[in-house]
Amino acid sequence: MKLKKFVLGAVFLVSTVILAACGSSESADLQEEIKKDGKLVVAVSPDYPPFEFKALVNGKDKVVGADIDLAQAIADELGVKLEVSTMSFDNVLASLKNGKADIAISGLSVTEERKNAYTFSDAYYETENAILIRKEDEGKYTSLDQLSGKKVAVQKGSIEENLSKEQLKDSQVVPLTAMGEAINELKSGVVDAVDLEKPVAEGYIAQNKDIALAKIALKVGEGDAKAVAMPKGKESKELQKTVNSIIAKMEKEGTYKQYISDAAKLTGKAVE
């Protein structure tokens with residue numbers, strides 16, 4: 001009888017410890033964990049100038065861009081070092097779920113589907129759409145109907161992929177992993193156009209004189225904008241407040257627009 005009580009007591013104690021551990025994990029505060037670790041790990045896909053891209057800075061290959069500057073501002077506010085984790089775009093959000101990154105800042109548009117899976121900050125940039133074509137085709141496309149039957153490349157997993165499939169139903173939408181790959185396929189004639197964001201398009205034009213901005217673009221929904229992504233749940237609540245306060249200050253002072261301007265000057269030094 002005593003042995004039975006001892007076993008039951010031991011089982012109860014172990015169960016209590018396990019439940020307490022699970023509870024502390026679920027209620028863990030991400031912002032405090034970041035401060036404790038002394039670093040902020042941000043997931044990016046560095047092929048999207050001027051938001052995030054690789055460039056030669058003082059002879060070194062470095063990830064730069066407006067989103068990187070925003071990430072640095074967040075790290076500075078938290079008093080920690082910034083660690084940039086590079087990956088393909090379709091893995092950026094997934095890195096939050098598997099714990100490989102604390103936040104994701106990679107030209108991410110907020111959609112209802114994404115909001116169901118992740119916590120987002122307030123918008124820091126309103127989306128502008130653009131279509132890139134070869135320089136020799138400049139003036140050829142004056143309406144979206146003229147892209148009927150044409151191959152239009154987009155970055156896989158991006159908002160532009162959905163926009164293209166919705167608005168270019170008679171075109172062949174070609175999702176590619178990296179934007180640099182899409183630009184190369186445009187230049188080589190494999191695809192006829194590339195749909196992407198306007199600042200990104202302008203960044204690639206600065207690097208490639210044989211491509212140009214078409215006079216047409218896709219319609220972007222009202223309120224469609226870029227935001228910082230965080231893990232879903234209460235653990236991101238305090239970090240979300242901190243990020244939103246930084247974004248509000250940047251909007252008031254025009255800081256992010258300056259980040260875009262500064263990054264544009266580096267696009268000529270971009271490396272693939």
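What percentage of the 272 residues of the protein chain count as buried? In this predicted model, the share that counts as buried is 46% of the 272 residues. The chain is built from 11 helices and 15 strands, and among its contacts with a separation of 6 or more, 73% are between residues 24 or more positions apart. Toward the outside, the protein chain exposes about 14,200 Å², of which carbon and sulfur atoms supply 51%.

A good place to enter the interior is I105, which sits in the loop between β6 and α6 (112-117). Is I105 buried or exposed? I105 counts as buried because its relative accessibility is 0%, under the 20% that sets the limit for that class. Leaving aside neighbours within four places in sequence, the contacts of I105 include V42, A43 and V44, together with E52, D67, L70, A71, I74, Y124 and V228. One of these partners, V42, lies 63 residues away in sequence, yet the two C-alpha atoms are 6.7 Å apart in space.

From I105 the reader can step to K226, a residue of strand β14 (residues 225-226), whose C-alpha atom is separated from that of I105 by 8.7 Å although the two residues are 121 positions apart along the chain. K226 also counts as buried, because its relative accessible area is 0%. When residues up to four places away in sequence are not counted, K226 touches G107, L108 and S109, the run D122, A123, Y124 and Y125, and in addition T127, I159 and E197. Y124 is thus listed among the contacts of K226 and among those of I105.

K226 also leads to an enclosed space. A search of the whole structure finds one cavity of 30 Å³ or more, and the space within this largest cavity amounts to about 40 Å³. K226 belongs to its lining, along with Y48, F89, G107, L108, S109, R114, Q155, S158, I159 and E160; of these lining residues, G107, L108, S109 and I159 are also touched by K226. By class, the lining of the cavity has four nonpolar, four polar and three charged residues.

The open spaces come next. The largest pocket has a volume of about 320 Å³. It is lined by 21 residues, of which L30, E33, G99, A101 and D102 are the closest to its centre, and the elements that give two or more residues to this lining are α1 (2-26), α2 (30-37), β1 (39-44) and α5 (94-97). Which of the elements gives the most to the lining? That element is α2, with four residues. In terms of class, the lining of the largest pocket divides into nine nonpolar, two polar and 10 charged residues.

The second largest pocket holds about 270 Å³ of space, and its lining is made of A123, Y124, Y125, E126, I247, M250, E251, G254, T255, Y256 and K257. Here β8 (125-126), α10 (237-253) and α11 (255-264) are the elements that give two or more residues. Six of the lining residues are nonpolar, two are polar and three are charged. A123, Y124 and Y125 of this lining are also in the contact list of K226.

Helix α10 deserves a closer look. It has 17 residues and reaches 25 Å from its first C-alpha to its last, close to the 24 Å expected at 1.5 Å a residue. Its buried residues are L239, T242, V243, N244, I246, I247 and M250, and they pack against α2, α3 (66-78), β6 (103-104), β15 (229-231) and α11. I247 and M250, both buried in α10, are also part of the lining of the second largest pocket. The helix is followed by G254, whose phi is positive, near 75°, and which itself helps to line that pocket.

Two further details of the backbone remain. Most residues other than glycine have a negative phi, and most peptide bonds are trans. N58, however, has a positive phi of about 55° although it is not a glycine; it is placed in the loop between β3 and β4 (60-64), and it counts as exposed because its relative accessible area is 75%. The peptide bond that joins P49 and P50 is cis, with omega at about 10°, and P50 has its place in the loop between β2 (47-48) and β3 (52-57).

Note on methods
Residues are numbered from 1 along each chain as its sequence is written. This is a predicted model: local features need pLDDT of at least 70, side-chain atom pairs count only at pLDDT 80 or more; totals for chains, interfaces and linings use all residues. Side-chain values use heavy atoms; hydrogens and water are left out. On a 1 Å grid over the protein atoms alone, a cavity is a set of points where a 1.4 Å probe fits but cannot get out, and a pocket is an open set with protein on both sides within 12 Å along at least five of seven lines; lining residues have an atom within 4 Å of a point. Grid points are joined across faces, edges and corners, and a volume is the space filled by probe spheres set on the points. Ala, Val, Leu, Ile, Met, Phe, Trp, Tyr, Cys and Pro count as nonpolar, Asp, Glu, Lys and Arg as charged, and the others, Gly among them, as polar. The expected span of a helix is 1.5 Å times one less than its number of residues. Buried means under 20% relative accessible area, exposed over 50%, partly exposed in between (1.4 Å probe, protein chains only). Contact means heavy atoms within 4.5 Å. Accessible areas come from the Shrake-Rupley method with a 1.4 Å probe; for residues, only the protein chains shown count as cover.
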